[in-house]
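Here is a short set of exercises to work through with the model open beside you. Try each task before reading its solution.

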Amino acid sequence: MDPIQWQKEQERVNSLREELQARITRDEPLISELKTQVVGIRTDFWEDVTVNLTAGDDRLETAISMKQQAEILSERERSHRHLNTGLLKMRRLLPAPYFGRIDFKEEEQDGPSEPIYIGVASFLSDDGETFLVYDWRTPVASLYYDYGPGPARYGTPGGEIAGEMTLKRQFSIRDGVIRSMFNTGMTIGDELLQEVLSRSSSSGMQSIVGTIQQEQNAIIRNDRARMLIVQGAAGSGKTSAALQRVAYLLYKHRNRITAQQMVLFSPNPMFSSYISSVLPELGEENIRQTTFQDYLERRLGKRYKLEDMNEQLEAVLAASSSDEAVRQRMLSIRFKNSIGFLELIHAYGDRLLNSGIRFKGFRFRGRLLLARKQLEDRFYSMEGHIRLPNRIELLREWLLEELTRLEQEELGAEWVREEIEFLDNDQYMRVHKAMQRKLRKGIEEDESTLEENLLRAEIVRKAFKPLRRLADGLAWIDVANMYRDLFQENEPSCEEPSDWQAICRMTHVAFEEKRLPYEDAAPLLYLTELVQGFRMNTSIRYVLIDEAQDFSPFQFHFLQKLFPMAKVTALGDFNQAIFAHSTELAASNWLAELYGPEQTDTIVLKRSYRSTRQIVEFTRSMLPDESGIEPFDRPGELPLLYLASDERERDTLLAKDLHELMASGTPSIAVICQTSREAQEAWEKLRRHSGLEELKLVTKDTTSFQSGAVVIPAYLAKGVEFDAVLIYEASSAVYGEERHRKLFYTACTRAMHKLRLYCTGEPSPFVTGAAADSWQEFNHART
Ligand SMILES: Nc1ncnc2c1ncn2[C@@H]1O[C@H](COP(=O)(O)OP(=O)(O)OP(=O)(O)O)[C@@H](O)[C@H]1O
């Protein structure tokens, strides 16, 4: 790069930083003064109000003064918020005010093209007339991501603007110093990307704002589709693009939606912590994050012993593929996650209007107060056109009235008289207060009768309270048994899955044992909602589903119902579909049908950024047709396979490598195991025999992502990445069957810079089947 150009750019950075610093120095005292005023007004406000309200005549005056005070307070709060937001932006810009420059000349424009500098926030000259830096989310900034020099155009709310880009320049600026600077002829030059990708991992995910690729930009800025499907190779930046998209949408709709109106479904709580720094880094609030499991648990409550998705996976992994029970369970899982089953539930819901509804009776002190038959008869006595949830609501109202009537009937019962002696002090006090009130009103009853009546009412009220709670909370609807009824021998009316009888048996056994297998959880909840009425969340405007291949058709339909006003972004990779119910994203018609093809856009990402060329070449050769995955050209060492004669030798080899990697300062290292049990055993052995005290174990309950060295089961490592990955046991005994292929692929693709595989016995066919020059056997005898 021409040194004069470099010098000029550095001077611009310097003068911009001076301007930023001057404005920061000017605004800081203003902000703190405003803060003091706000705190002062708040304190005085309440003091004034308290004093004047006690003086009756001053009420009107107080009200007027309160209004004035409230207006001043909100005006100061607004100014404080506004200035403070500006200050935070300036502080973020100070170390690196921008990362890109484009010179653009509009078609109609005379004179030379204008330089446009792009950074993480906009910064205007003090008179507010000139943009010194443009926020990367402004319409004009999309030129930077979408075009190289030449003709270019971008959309604005007022229409499209066309012109010519005459220069495109990328910067890497740290602490105000330009470290590197490139003119590029491409959309985003590879030099900077190269530099960014060769860095080691930090303790969490980073923003990619300076090097967003064109196809990622298409994901970020797509605000047209109701359903945006992203199928992307491992490490192709799906999660990164999703988070940038959130920041973009929050900026674009900043006057209309807030972070609270977006929700991200992520694979597990540790993943949530892994990505939690990206949005604050971009100056935005974190959005709500949840997992589907968490949602199920919250809605189903403690009524069932709910299996989680990982337990289901482990149960399937642990069994041999020739196991008949596992084969049947897989069929059951697939069926219960299918649209066919959803249709079956809907048809069942329609039938319930005429027959088959199940309720629970109400028992009180060992006797039947309301028989289930009574409830069912009442339900079927309603007019045929009344919908299921409306009938339930009418029945609930009737039940509450019935309970009031029965409560009255109960007042004279013998047990009530006996209980009077056991009343506690609080109850006595309450009754006595009520009695005084009644006496003041001039009740005719004598005092002792009145007291006894009130005491009886108090006792019965308390005894009926749990029944009222049951009635109100709809706990009398026997959804579990209705769900079981679905699995009758003469069902299903939809296309019969093979082994229907076995699926029925399995479902009945689980319910008898009071277990709720993961595959039954969503359908059971769906049936509950169908009967009671869907509790929709209409405030959510954007739903993002990461690792979307782990969601079944059934679950997608569920989410669609739950968030009827939301646009959905589904990001996933079918090659990492490790669950039995997983979804093929790009090729799935049903997903496009969810909102209709007109409202659906699909983007496929093929370039992989996470791993070195060597790791990508090794891992992609495990996939059918190598799935068209293109590595980003970043060199590294070949994946290494260590063959050990027994487990002890394997642990010694692995521990030695771990020690070396840690000593050389590798920030994040993962020993990846197949299951949680293997991870637990490996962790214990490595710590006990090799003195690796700092080694951490990740379990499904781990909520925060940590740097350093960890032992982790493959399915929990989903979505995250490590500088070095050590596969604990890459033998055919562990990853030998076809059903292990995607799990193995997922584990290996977590590696950024180094991938090592340890193995006792026969190596996995996924290793030996990979291209011979894509990995290397490590001969430790020679070292
Ligand atoms: N445009 C980019 N510029 C710089 N780094 C990028 C870019 N895109 C992706 N990366 C980096 O590549 C790595 C993988 O990205 P990310 O985790 O978003 O991929 P993914 O598609 O969600 O992966 P997976 O499906 O394997 O979980 C991250 O380190 C990310 O920072």
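**Exercise 1. Compare the span of helix α14 with the span expected for its number of residues, then find what its buried residues pack against.**

Solution. Start with the ends: in this predicted model, helix α14 covers residues 388–410, which is 23 residues. From the first C-alpha to the last, α14 reaches 32 Å. At 1.5 Å a residue the expected span is 33 Å, and the helix comes close to that.

Next, pick out the buried positions of α14. They are Ile392, Leu395, Leu399, Leu403 and Glu410. A general point helps when you look at such a list: an α-helix has 3.6 residues a turn, so residues three or four places apart point the same way.

Finally, look at the partners. The buried residues of α14 pack against α13 (372–381), α15 (414–420), α17 (447–472) and α20 (518–532).

**Exercise 2. Describe the protein as a whole: its secondary structure, its extent, its burial and its domains.**

Solution. Begin with the elements: the protein has 27 helices and 26 strands. Its C-alpha trace spans about 105 × 85 × 55 Å along the principal axes.

Now turn to burial and contacts. Of the 783 residues, 35% count as buried. Among contacts with a separation of 6 or more, 73% are between residues 24 or more positions apart.

Then divide the chain. The domains are domain 1 (3–94), domain 2 (99–202), domain 3 (288–353 + 479–605), domain 4 (362–473) and domain 5 (613–778). As a check on the layout, take the C-alpha centres of domain 1 and domain 4: they lie 55 Å apart.

**Exercise 3. Work out which residues surround the ligand, and which domains the ligand lies between.**

Solution. First count the shell: 23 residues surround the ligand, and the closest are Thr211, Gly237, Lys238, Thr239 and Ser240. The elements giving two or more residues to this shell are α4 (190–197) and α6 (238–252).

Second, sort the shell by class. It holds seven nonpolar, twelve polar and four charged residues.

Third, place the ligand among the domains. Both domain 2 (99–202) and domain 5 (613–778) give residues to the shell, so the ligand lies between them.

**Exercise 4. Take the positions that UniProt lists under "binding site" and examine Ala233 and Gly235.**

Solution. Read the record first: the unreviewed UniProt entry lists Gly232, Ala233, Ala234, Gly235, Ser236, Gly237, Lys238 and Thr239 for "binding site".

Locate the two residues next. Ala233 sits in the loop between β8 (227–232) and α6, and Gly235 is in the loop between β8 and α6 as well.

Are they buried or exposed? The cut-off for buried is 20 or more other C-beta atoms within 10 Å. Ala233 has 27 C-beta neighbours inside 10 Å, so Ala233 counts as buried. Gly235 is buried because 27 other C-beta atoms lie within 10 Å.

To finish, list the contacts. Setting aside residues up to four places away in sequence, Gly235 touches Ser608, Tyr609, Arg610, Ser611 and Thr749.

**Exercise 5. Find the phi values of Leu474 and Glu547, and decide how buried each residue is.**

Solution. Take Leu474 first. Its phi is near 60°, a positive value in a residue other than glycine. Leu474 belongs to the loop between α17 and α18 (479–486). With 18 other C-beta atoms within 10 Å, Leu474 is partly exposed.

Move on to Glu547. Although Glu547 is not a glycine, its phi is positive, at about 50°. Glu547 lies in the loop between β15 (542–545) and α21 (553–562). Glu547 has 26 C-beta neighbours inside 10 Å and therefore counts as buried.

**Exercise 6. Describe the surroundings of Asp135, then give its distance to Met536.**

Solution. Asp135 is part of strand β4 (residues 131–135). It is partly exposed, since 19 other C-beta atoms lie within 10 Å. Leaving out neighbours within four places in sequence, Asp135 is in contact with Ala121, Ser122, Ala141 and Tyr251.

Last comes the distance: Asp135 and Met536 are 401 residues apart in sequence, and 35 Å separates them from C-alpha to C-alpha.

Terms used:
Residues numbered from 1 in each chain as written. Predicted model: local features only at pLDDT ≥ 70, side-chain atom pairs only at ≥ 80, totals over all residues. Near = placed C-beta within 6 Å. Helix = DSSP H or I, 4+ residues; strand = E, 2+ residues; numbered from the N terminus. Nonpolar A, V, L, I, M, F, W, Y, C, P; charged D, E, K, R; others polar. Domains from an automatic or database assignment. Buried ≥ 20, exposed ≤ 12 C-beta atoms within 10 Å, placed from the backbone. Contact = placed C-beta atoms within 7 Å. Expected span 1.5 Å × (residues − 1). UniProt positions renumbered as here; feature names shortened; annotations may be inferred.
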